[in-house]
Amino acid sequence: MFDFDDITPVKLNEEEPQLCQILYDNEYKETMGLLLALMQKDEHSERALWVTEKGIELLASHYTIWNYRYNILIGLNKDLYEELDWCEQIALENEKNYQIWNYRQLIIEKIIKDDGGNGFNPHREFPIMNAMLQEDTKNHHVWSYRKWLVERFDLYDDEKELQFVDQNLEYDLRNNSAWTHRFFLKFGPQNVSQDIVTQEIELTKSKILICPQNPSSWNYLFGIYKKFNKDVSELYEFCLTFANVQESPDVEVVITSTYALEMLATIYQRRRQPALAVKVYDLLSTTYDPIRANYWNYEKGKITV
């Protein structure tokens, strides 16, 4: 234990009348009071480092403490890999905290700078990210950190990263975060061959067949066509698989995907079949997606029959 007899803790603002008074417990008041006093002195010491740990354990979302701790680490020339290890436990106990991931970026950038850009293995980060995403497969902060790691270390074609995304989609086809990350990996800044584009289109179609009413896979498919300026009319027969609006009048219309129906409306307009596009928007507004009836009627109103 460290000696703080020479430090007068700063009192938290409890005296003034407040609209919503926060009732801090004694441990919080003592720890934060010490932290504020040490920050005012800008003290970089082992005891200050210890207090930041206690403060983060009490309130891991306190950005100022994280920043103060980083400056202390650098000032004391501490082992930054050990800091990453310590930070992992804090992350596991605070799933929705984004400051932790920003902090890890700072630490890694410092390691890279000190080692001349050759000393950090990005695969070191995979276990903690995977553990976090096992707890919450759609944790936005971890996916954002994962995106940064890919960009920072050029992991677009990394086999482990691609395997991870595949595993996530096998587990949950509706995981929009995994689909978004896959798009980022496959169609990032690198040159993309036509073979890759075709492979991704066919893979996505196979996933849609499993779960036709999954917006994530449809958005991925539409995103490919938009990014590479492909003609969505190529998807005509595929969309009819889920929306038989072209059948004869005596055949019951069966819609298994509103997203296929929406795409058909676009295709019919490109094929200069406005009456069929109007029919599709009517189906959407009255039967298959009435909650967005105003939007579908708006789209229908733009069509010249």
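Start with helix H2 (residues 46–58) and helix H3 (63–76) in this predicted model: H2 passes H3 in a left-handed crossing. The two pack at an angle of about 150°, and their axes are 10 Å apart. Angles over 145 degrees count as roughly antiparallel, so H2 and H3 are roughly antiparallel to each other.

Now show the side chains at that contact. From H2, pick Glu 46, Ala 48, Leu 49, Thr 52, Glu 53, Gly 55 and Ile 56. From H3, add Ile 65, Trp 66, Tyr 68, Arg 69, Ile 72, Leu 73 and Leu 76. Colour them by class and you get 9 nonpolar, 2 polar and 3 charged residues.

Keep Trp 66 selected, since the next stop uses Trp 66 again, this time in the lining of the largest cavity. Its companions there are Tyr 63, Asn 67, Asn 102, Tyr 103 and Leu 106. Helix H3 and helix H5 (99–114) are the elements that give two or more residues to this lining. How many cavities of 30 Å³ or more are there? The count comes to 1, and the largest cavity has a volume of about 30 Å³. No charged residues turn up in the lining, which has 4 nonpolar and 2 polar ones.

Next, jump along the chain to helix H6 (residues 126–135) and helix H7 (residues 140–153). Here the angle is about 155° and the axes are again 10 Å apart, so H6 and H7 are roughly antiparallel to each other. Their crossing is left-handed. For the contact, select Phe 126, Met 129, Asn 130, Met 132 and Leu 133 on H6, then Val 142, Trp 143, Tyr 145, Arg 146 and Leu 149 on H7. That set divides into 8 nonpolar, 1 polar and 1 charged.

Hold on to Phe 126, Asn 130 and Leu 133, because all three also line the last stop, the largest pocket. About 200 Å³ of space lies in this pocket. To finish the selection, add Gln 134, Thr 137, Lys 160, Gln 163, Phe 164, Gln 167, Asn 168 and Tyr 171. Which elements give two or more residues to the lining? They are H6 and helix H8 (159–171), and H8 gives the most, with 6 residues. By class, the pocket lining divides into 4 nonpolar, 6 polar and 1 charged.

Methods
Residues are numbered from 1 along each chain as its sequence is written. This is a predicted model: local features need pLDDT of at least 70, side-chain atom pairs count only at pLDDT 80 or more; totals for chains, interfaces and linings use all residues. Side-chain values use heavy atoms; hydrogens and water are left out. Axes are lines fitted to C-alpha atoms, for helices over the stretch in contact, and angles run from 0 to 180 degrees between N-to-C directions. Helices (H or I, at least four residues) and strands (E, at least two) are DSSP runs, numbered from the N terminus. Angles under 35 degrees count as roughly parallel, over 145 as roughly antiparallel, 65 to 115 as roughly perpendicular and the rest as oblique. A crossing is left-handed if the near helix is turned anticlockwise from the far one by less than a right angle, and right-handed if clockwise. Contact means heavy atoms within 4.5 Å. Ala, Val, Leu, Ile, Met, Phe, Trp, Tyr, Cys and Pro count as nonpolar, Asp, Glu, Lys and Arg as charged, and the others, Gly among them, as polar. On a 1 Å grid over the protein atoms alone, a cavity is a set of points where a 1.4 Å probe fits but cannot get out, and a pocket is an open set with protein on both sides within 12 Å along at least five of seven lines; lining residues have an atom within 4 Å of a point. Grid points are joined across faces, edges and corners, and a volume is the space filled by probe spheres set on the points.
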